[in-house]
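Me: Could you take a close look at one residue for me and tell me how it sits among its surroundings? I would like one connected answer, starting from the chain as a whole.

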Amino acid sequence: MFWQIFIQSLVLIVVIILTGQGLAALINRKHGD
Amino acid sequence: MDMPLLIGVLAYELIVIVGLGVWLQTRHKSASSDEFALAGRDLPMPVVAVTLALTVLGTAHILGVFEMTWMMGAVAVWFSIAHVILLTFVCLGSGLWVRRLGVATVPQLLNQAFGIETRLLVSCVMAGVLFGILTVEAQGIGIIFATLTDWNIQTGAIVGGTLGILYVIFAGMREIGWVNLVNAVVMYTGLIIATIFVAVSLPGDGFADVGNYFRETDQASVLSIWGTPDLLVNFAIVNVVAVLFSQSINQMLLQPAMAAKSEKTIRRALWIAAPVNGLFGVFAVAIALAARAQPEFAALEGAPKIGTTTMLLTYLPPWLAAILLASFLAAILSTFAIIALSIATIFTNDIFKALYAPNASPKTQTFVIRLVIVIVAGVAIAVASLLPPILAAMIWLFAWLVPVFWIFMSGLFWKRHQAIAVATLLSAWAMNAAWSFTSLPQLLGFESAEAYNAYVTTVVSVLVLLIGNLLVQGKPGLMRTSSDHNAMEAA
């Protein structure tokens with residue numbers, strides 16, 4: 001039970017960070033920053 | 001808890017806080033006015049990362065998540081996930097922008113974007129909101145002490161609040177940062193050992209049996225961080241909106257970013273800050289679910305509030321309860337200290353210096369910051385003894401910062417017009433007050449004001465700002481053109 005919640009959350013955290021980085025890179029490229 | 005163990009915990013905190021504080025104070029005797037509030041803007045990556053994580057990890061993450069898990073299950077971890085989204089936005093967005101513009105406070109940035117009126121309005125309200133959060137944190141420290149010792153909440157708040165003042169008074173931001181780094185290690189060690197101990201002490205097959213209990217009693221959704229579709233919309237998304245739109249422009253979270261060595265430091269800090277903050281919620285949720293699955297704790301009166309801590313006290317040996325106390329204290333004290341520092345920074349920079357003493361020397365400014373820290377922390381400890389409700393207070397307080405988020409974004413990336421900014425702030429704040437203190441929600445068909453303040457202020461802010469900006473000419477956002485950007489840096 002513990003590991004199930006731990007791994008679900010960890011994966012979600014990594015997905016959020018990567019999505020954020022992807023979005024930031026996209027916006028920066030569009031604005032030539 | 002045994003007296004010697006309690007003394008041990010207090011002695012540990014005192015040695016780390018005062019020892020590191022005094023050592024840093026003697027090592028960094030810079031005459032720069034940025035030294036105390038912004039650590040001379042040279043904090044390294046691990047310190048920035050841990051400070052960002054711990055700044056938004058306080059009372060609500062511990063006591064709030066225990067209670068929410070009891071009521072709705074593992075979906076409560078979304079309180080932490082909302083903070084991961086927040087930290088991502090700060091490390092890749094607002095934190096970088098304030099660092100790039102070289103400001104010391106959020107109101108100072110708004111002064112550059114709009115003018116002094118906006119700066120003063122936001123200074124006063126932001127300092128007020130921060131003070132409200134400070135009283136909640138002081139109460140949290142009191143409750144943690146009262147649960148793990150035989151002290152009352154007031155005594156706990158006084159002892160903890162004093163530690164909180166010491167956490168920042170010697171070397172300001174630099175002290176908070178380095179003490180945080182040490183405390184983060186203690187915090188996670190305490191949490192991990194306590195979780196292992198709970199797993200071993202649980203009757204039957206530990207956490208596996210907790211899972212079986214919920215599956216057998218037809219409550220399998222309690223075990224999933226996605227909960228039910230209803231909870232995902234009404235709890236998870238609400239948290240993301242309230243946390244992201246208010247905290248991402250809050251001085252307390254942007255001050256560590258302003259103190260970072262470079263923008264790269266902030267970007268790299270994300271990979272440590274987000275997991276350190278986010279995974280804390282996982283431990284809190286797992287421990288609370290374990291307590292809820294045990295009939296003796298589930299049957300307690302007021303179980304959601306006290307069930308989890310009662311289980312911890314029953315299962316953990318006194319030495320481990322002491323480590324856990326130290327770990328919870330570390331989380332809350334770091335938040336308490338940085339809030340006190342950010343209120344004092346806003347007061348000194350945006351009110352004292354901006355209005356009354358433009359030529360104040362760095363020494364005078366540091367003195368005023370220290371004085372304000374002691375005064376606001378002292379008053380917050382006194383107010384905390386009135387015990388305002390924790391989560392309701394936080395949600396209400398957050399709503400006040402929502403219009404600041406929208407004018408912040410407009411001022412950087414769209415259009416700058418002081419009258420529109422002021423109108424946005426005032427109308428959103430008036431609406432927030434009307435929503436809370438009149439029968440307006442009932443008139444509009446809602447049963448009560450509940451937690452909708454963040455939505456109400458969002459709608460009003462966006463509407464006023466959108467219509468206003470479309471109607472007036474205004475100057476382009478500070479970051480819209482490279483020439484403006486360069487002019488800002490020169491200024």
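Reply: Happy to help; here is the chain first, followed by a close look at N453(B).

Please keep in mind that this is a predicted model. Chain B is built with 23 helices and 2 strands. Its radius of gyration is 22 Å, close to the 23 Å that the globule rule gives for 491 residues, so chain B is as compact as a globular protein of that length. The C-alpha trace spans about 70 × 60 × 40 Å along its principal axes. Of the 491 residues in chain B, 60% are buried. When contacts between residues at least 6 apart in sequence are considered, 84% of them join residues at least 24 apart. As for the outside, the accessible surface of chain B is about 17700 Å², and carbon and sulfur atoms account for 68% of that area.

Now to your residue. N453(B) belongs to helix 22, which covers residues 453–471 of chain B. With a relative accessible area of 3%, N453(B) counts as buried because that value falls under the 20% cut-off. Its side chain has polar partners: one polar contact, of 2.7 Å, is with the side chain of N432(B), and another, of 3.0 Å, is with the side chain of S436(B). Both partners also appear in the wider list of contacts. Setting aside neighbours within four places in sequence, N453(B) touches W396(B), A399(B), N432(B), W435(B) and S436(B). To pull the picture together, N453(B) is a buried residue of helix 22, and its side chain makes polar contacts with those of N432(B) and S436(B).

Key
Residues numbered from 1 in each chain as written. Chains lettered and ligands numbered in written order. Predicted model: local features only at pLDDT ≥ 70, side-chain atom pairs only at ≥ 80, totals over all residues. Heavy atoms only, no water. Helix = DSSP H or I, 4+ residues; strand = E, 2+ residues; numbered from the N terminus. Rg over C-alpha atoms; globule rule 2.2 N^0.38 Å. Buried < 20%, exposed > 50% of the residue type's maximum accessible area, 1.4 Å probe, protein only. Contact = heavy atoms within 4.5 Å. Areas by Shrake-Rupley, 256 points an atom, 1.4 Å probe, with all protein chains shown as cover. Polar contact = N/O pair within 3.5 Å; in protein donor to acceptor, adjacent residues only side chain to side chain.
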